[in-house]
Each structure stands twice: as structure tokens, then as C-alpha cells.
Amino acid sequence: MSEPPRGIDPRGPRFAASITSFLLLIDVFLGLSGLSTERGPGTAVETATITQRALDPAFLLLLALALLFSWGVISPRTAPWAVLFRRLVAPRLAPPTELEDPRPPRFAQGVGLAVSAIGLGLHLVGAPWALPIAASLAFVATFLNAAFGVCLGCGLYLLLQRAGLVGREGSAR
């Protein structure tokens, strides 16, 4: 059996969620004022070309955030917000009083990636409102983590673990 993963400073994921929630809030506003919600001939997402949809600022920002979510899944230690926290913020704070299992926050990054990818895919095929709805859902989750320390993805991970759908080593069964 493998050694359990070392703990992480729980303030790191909350710091990352703060930055991410701010960027997602911007994306929600871009989505609400952009192509995804426009009405009328030639302006609505349904009638736009795939190039127009892909160049929508809300799409581009959510794509960048999806890439950051995937970075957080693949290599959470090297993800930009984690590096920024470790190098600039953590040295100015007292050591953490307790450490957190890194698997639930990593799973939460995967949930953020899935929500973002669904919104991006639906936007590309011309589904109205898909992008701002996906960005809003991701915003709510990251804001709850940033402001209140409530990680919805972490809670989902623990529920799946109790149900036996996610193993002790964090891999799907």
C-alpha cells in the first residue's frame, strides 16, 4: 500500500479560489453582455460562426480558466496560484495549524474543469446562455471556498469516497 499523501496548507486552495472567483465573476459579466445572450439576426450565438463563438471574450477567459483548472488537476504543485501562494503569501503567514489532504482540492479542480468544459462545448455548438451559466456555477463554487472555506468539490469527493466510488488512493474504482 502506498504512503498517504502529505498534507497541504488549506489556505493555499482558498487563495487560489479567491483569484479564480474574481476571474469567473468577470467572465460571468462578459458572458451576460456578450454573444451568448444577444438576440436578433446575425448577433445571437445560434447564428454566429464557430470562429465568432471561439473569439468571444467570455469564451476566451473561460478557456483560460479551464486550462488553469486542468493544470491544477495534472500538477497542482506547479499551478500558478499555488506557486504564487507558496512564494509570496505563505512566507508572510504563520505556519498552518493543521494540514489538509490534497486529494479533495485536486478533485475539486477536476469538477471546475468539467463544468467549464461543458459550458465551453455548448457555447461552441451555439447553445445560448451555456457559457454564462457554466461560469456562474463555477463562480458560486469558488466563491464559497474563498469566502467561507466551503469546498463543494471537496464535499463531493468525500461523498464519493464514502460511497466507495473513489478509492483510498483517490483513483476511481
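Arg6, Arg77, Arg86 and Arg87 together form a positive patch on the surface of this predicted model. One of these residues, arginine 86, is part of helix 4, which covers residues 80-89. Its relative accessibility is 32%, and because the partly exposed class lies between the 20% and 50% limits, arginine 86 is counted as partly exposed. The value also passes the requirement of over 30% relative accessible area that patch members have to meet.

The aromatic side chains give a second topic. Four aromatic pairs are counted in the model. One of them joins phenylalanine 139 and phenylalanine 143, whose rings are stacked, with 5.7 Å from centre to centre and 25° between the planes. Both residues belong to helix 6 (residues 130-148), and because they are four residues apart there, about one helical turn separates phenylalanine 139 from phenylalanine 143.

Phenylalanine 143 has a relative accessible area of 38% and is therefore partly exposed. Phenylalanine 143 also pairs with phenylalanine 148, in this case edge-to-face: the ring centres lie 6.1 Å apart and the planes make an angle of 85°. Phenylalanine 148 has a relative accessibility of 58%, so this residue is classed as exposed.

Through such ring pairs, Phe139, Phe143 and Phe148 are linked into a cluster. Phenylalanine 143 takes part in the stacked pair with phenylalanine 139 and in the edge-to-face pair with phenylalanine 148.

Definitions and conventions. Residues are numbered from 1 along each chain as its sequence is written. This is a predicted model: local features need pLDDT of at least 70, side-chain atom pairs count only at pLDDT 80 or more; totals for chains, interfaces and linings use all residues. Side-chain values use heavy atoms; hydrogens and water are left out. Patches are made of residues with over 30% relative accessible area and no salt bridge: like charges are joined within 9 Å, nonpolar side chains (Val, Leu, Ile, Met, Phe, Trp, Tyr) within 5 Å. Accessible areas come from the Shrake-Rupley method with a 1.4 Å probe; for residues, only the protein chains shown count as cover. A salt bridge is a side-chain nitrogen of Lys or Arg within 4 Å of a carboxyl oxygen of Asp or Glu. Lys and Arg count as positive and Asp and Glu as negative; His and the chain ends are not counted. The place of a charge is taken as NZ of Lys, CZ of Arg, CG of Asp or CD of Glu. Helices (H or I, at least four residues) and strands (E, at least two) are DSSP runs, numbered from the N terminus. Buried means under 20% relative accessible area, exposed over 50%, partly exposed in between (1.4 Å probe, protein chains only). Rings of Phe, Tyr and Trp (its six-membered ring) pair if their centres lie within 6.5 Å; planes under 30 degrees apart count as stacked, over 60 as edge-to-face and the rest as tilted.
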